[in-house]
Amino acid sequence: MTREQRRAAAKAKKEAAIRKKTSKPAAPGDLPTSSEEESESDGDIGPANPNHTAKSRSQAAALPRDPAAEPAKPSSSKSTPLSQLSRREREAVQAQQAKERYQKMHAEGKTDEAKADLARLSLIKEKREQEAARRKAEKEEKEEAEKTRVAEMDERERKKREAALGGGGGGRGGKKKA
């Protein structure tokens, strides 16, 4: 491979990465066109699932994205009454509604689990406050002990200096008078 070919390959790779980054994610059912298949020599990106169809995408788009933002609807995506749904569909809708009710009550702190969580969090908060107070007291005690140790060392040093400078009266090492 010549230098120019390597440069061209690197440039193409970089452009492909930029295009991939800026393009929107592929939706289910998107298949590359025949011209894209021919131009793509790498083969590292495979086709999407061919079983996904435009109909399934539209049904998926019809579902609410955020269950807390939109209230539960008592009907499926077909807009049929709850009684006309199959048993499985009806149970799925009821389960979804029950889940949303529970999440709402949990957010308000009305469920047993939420109460237990809040109690546990308050205990943790108290424990952390006690630990912080204990650490602060230990720090102050340590600082006080350091101050007293420094003061004692200064006192000893002062006494040594006084003994070395001014203690010539009845001390050792002097000449005897005869």
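**Exercise 1. Classify Glu108 by its relative accessible area, then find its salt-bridge partner and classify that residue too.**

Glu108 has a relative accessible area of 43%, so Glu108 is partly exposed. Keep in mind that this is a predicted model. Next, look for the partner: Glu108 forms a salt bridge with Lys110, and their closest N and O atoms are 3.2 Å apart. Finally, Lys110 reaches 51% relative accessibility and therefore counts as exposed, since the exposed class begins over 50%.

**Exercise 2. Work out how Arg134 and Glu131 are placed in helix α5, and which network they belong to.**

Start with the contact: the side chains of Arg134 and Glu131 meet in a salt bridge, 2.6 Å from N to O. Now the spacing: the two residues are three apart in helix α5, so about one helical turn separates them. Salt bridges with shared partners join Glu131, Arg134 and Glu138 into one network. As for accessibility, Arg134 is partly exposed at 39%, and Glu131 is partly exposed at 31%.

**Exercise 3. Describe the salt bridge of Arg87 and say which helix holds the pair.**

Arg87 pairs with Glu91, with 3.3 Å between the closest N and O atoms. Both residues lie in helix α4 (residues 87–108), four residues apart, or about one turn of the helix. Glu91 has a relative accessible area of 41%, which means partly exposed. For the wider picture, the structure holds eight salt bridges.

**Exercise 4. Find the nonpolar surface patch that includes Ile124, and locate Ile124.**

The patch is formed by Leu118, Leu121 and Ile124, which together have about 260 Å² of accessible area. Ile124 sits in helix α5 (residues 112–166). With 31% relative accessibility, Ile124 counts as partly exposed.

Terms used:
Residues are numbered from 1 along each chain as its sequence is written. This is a predicted model: local features need pLDDT of at least 70, side-chain atom pairs count only at pLDDT 80 or more; totals for chains, interfaces and linings use all residues. Side-chain values use heavy atoms; hydrogens and water are left out. Patches are made of residues with over 30% relative accessible area and no salt bridge: like charges are joined within 9 Å, nonpolar side chains (Val, Leu, Ile, Met, Phe, Trp, Tyr) within 5 Å. Accessible areas come from the Shrake-Rupley method with a 1.4 Å probe; for residues, only the protein chains shown count as cover. A salt bridge is a side-chain nitrogen of Lys or Arg within 4 Å of a carboxyl oxygen of Asp or Glu. Buried means under 20% relative accessible area, exposed over 50%, partly exposed in between (1.4 Å probe, protein chains only).
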